Amino acid sequence: MNPITIKLVADKYIQMALEEDINYEDVSTNAVMPNYKKGEVQLICKEDGIVAGLTVFERVFTLLDKDTKVVYNVKDGDVVQKGTVLAMVTGDIRVLLSGERTALNYLQRLSGIATYTYDIVQLLKGTKTKLLDTRKTTPGMRVFEKYAVRVGGGGNHRYNLSDGVLLKDNHIDAAGGVRNAVEAAKAYAPFVRKIEVEVENLDMVQEAVEAGADIIMLDNMTLDQMAEAIQLIDGRAETECSGNITKENIKKIIALGVDYVSSGALTHSAPILDISLKHLRVIDVD
């Protein structure tokens, strides 16, 4: 994550996370460390995976004290093994202790998403199918979680409701049908926006094609239904399948030749990657 994104977008969320964890003081730290002492602590990975979120991890500490220093042995996107020392963090021991949990929450969560995404991307190698995330993100975490998906090799679907046109079942019901919804979207949205339509059966597929949808999302269809839908679309629109796509079942979809698969599991079901701050020591300063 680049510094501009951090300052423009992410800082406010990191600040909120810190305020959630430190109401008005860190009682435990202030009890054992009432005054400034310089220290250092190792950032250690406790299982194999893909690391993501190092910049966010560091920003937690520098928001508390700009003089905190982090020296890295790895970078985002690196494959790391259990026992790897990812970085050394140096600074005011009170800051290291108070920021530890918030910083690790970000790093563990983002690394877990990157690892889970990476594993699925490996299953898609050699095919034309691309993996996308969804808007099923943790409130206040979207900018971080979608970044982690990219680090893991996946792609981002629309970032939010302002980012693209996706006509889902309730939009279609509100408009009175697929054709009406697509026509309304074409009349309203800027011409540079692609129009995607979520469909649930072959009749809706046919209507979406005839209405000129740019992307047709096959939602919660069986494999046989999706195969028939892709044949019906016949290259007249890009195809995406969605609905309970996970690492365990994605292989069954690859053979269909769909352009994209979108999976909410990337952000709502990825386990964390176990990472710890260990071996804190005081640095004597003359």
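A residue is called buried here when its relative accessible area is under 20%, exposed when that area is over 50%, and partly exposed in between, using a 1.4 Å probe and protein chains only. By that criterion Ala87 is buried, with a relative accessible area of 0%.

Good morning, colleagues. The model is predicted: local features need pLDDT of at least 70, side-chain atom pairs count only at pLDDT 80 or more, and totals for chains, interfaces and linings use all residues. Residues are numbered from 1 along each chain as its sequence is written, and side-chain values use heavy atoms, with hydrogens and water left out.

I begin with the overall picture. The protein has 11 helices and 12 strands; these are DSSP runs, helices being H or I of at least four residues and strands E of at least two, numbered from the N terminus. Its C-alpha trace spans about 75 × 35 × 25 Å along the principal axes. Of the 286 residues, 48% are buried. Taking contact to mean heavy atoms within 4.5 Å, residues 24 or more positions apart account for 70% of the contacts with a separation of 6 or more.

Let me return to Ala87, which is found in strand E5, residues 85-92. Leaving out residues up to four places away in sequence, Ala87 touches Val41, Gln42, Leu43, Val70, Val71, Tyr72 and Asn73. By contrast, the C-alpha atoms of Ala87 and Asp173 are separated by 52 Å, with their positions 86 residues apart along the chain.

Which strands pair with E5? Strand E1 is joined to E5 by seven bridges, and the two run antiparallel; strand E3, residues 69-72, also pairs with E5 in the antiparallel sense, over four bridges. For pairing, DSSP must find at least two bridges between the strands. Thr90 in E5 stands opposite Glu40, and Thr90 is also the bridge partner of Lys69. E5 is mostly covered, six of its eight residues being buried.

E1, residues 38-45, is likewise mostly covered, with six of its eight residues buried. Six bridges join E1 to strand E12, residues 275-282, again in an antiparallel arrangement. Within that pairing, Gly39 has Val282 in E12 as its bridge partner. E12 also holds His279, a residue other than glycine whose phi is positive, near 65 degrees. His279 counts as exposed, at 56% relative accessibility.

I turn next to helix H4, residues 93-124. Why do its ends lie where they do? At 1.5 Å a residue, its 32 residues should span 46 Å, and the end C-alpha atoms are 45 Å apart, which agrees; the expected span is 1.5 Å times one less than the number of residues. H4 nevertheless bends by about 50 degrees at Glu100, the bend being the angle between axes fitted to the seven residues ending there and the seven starting there. Because 23 of its 32 residues are buried, H4 is largely enclosed by the rest of the structure. Gly126, with a positive phi near 85 degrees, follows H4.

What of the nonpolar core? The term denotes a set of buried Ala, Val, Leu, Ile, Met, Phe, Trp, Tyr and Cys residues joined through side-chain atoms within 4.5 Å. The largest such core has 82 residues, and those touching the most other members are Leu43, Phe57, Phe144, Val197, Val199, Ile216 and Leu218. H4 gives the most to this core, with 13 residues. Phe57 touches Leu43, Val89, Ala103, Leu104, Leu107 and Leu277, not counting residues up to four places away in sequence.

Arg59 merits a separate word. Its place is in helix H3, residues 54-64, and Arg59 is buried, with a relative accessible area of 18%. Its side chain makes a polar contact of 2.8 Å with the side chain of Asp11. A polar contact is a pair of N or O atoms within 3.5 Å; within protein, one must be able to donate a hydrogen and the other to accept it, and residues adjacent in sequence count only if both atoms are side-chain atoms. Beyond neighbours within four places in sequence, Arg59 is in contact with Ile6, Lys7, Asp11 and Ile14.

I close with Asp234, in the loop between helix H9 (223-233) and strand E10 (238-242). Is Asp234 buried or exposed? Asp234 is exposed, with a relative accessible area of 61%. Although it is not a glycine, Asp234 has a positive phi of about 55 degrees.
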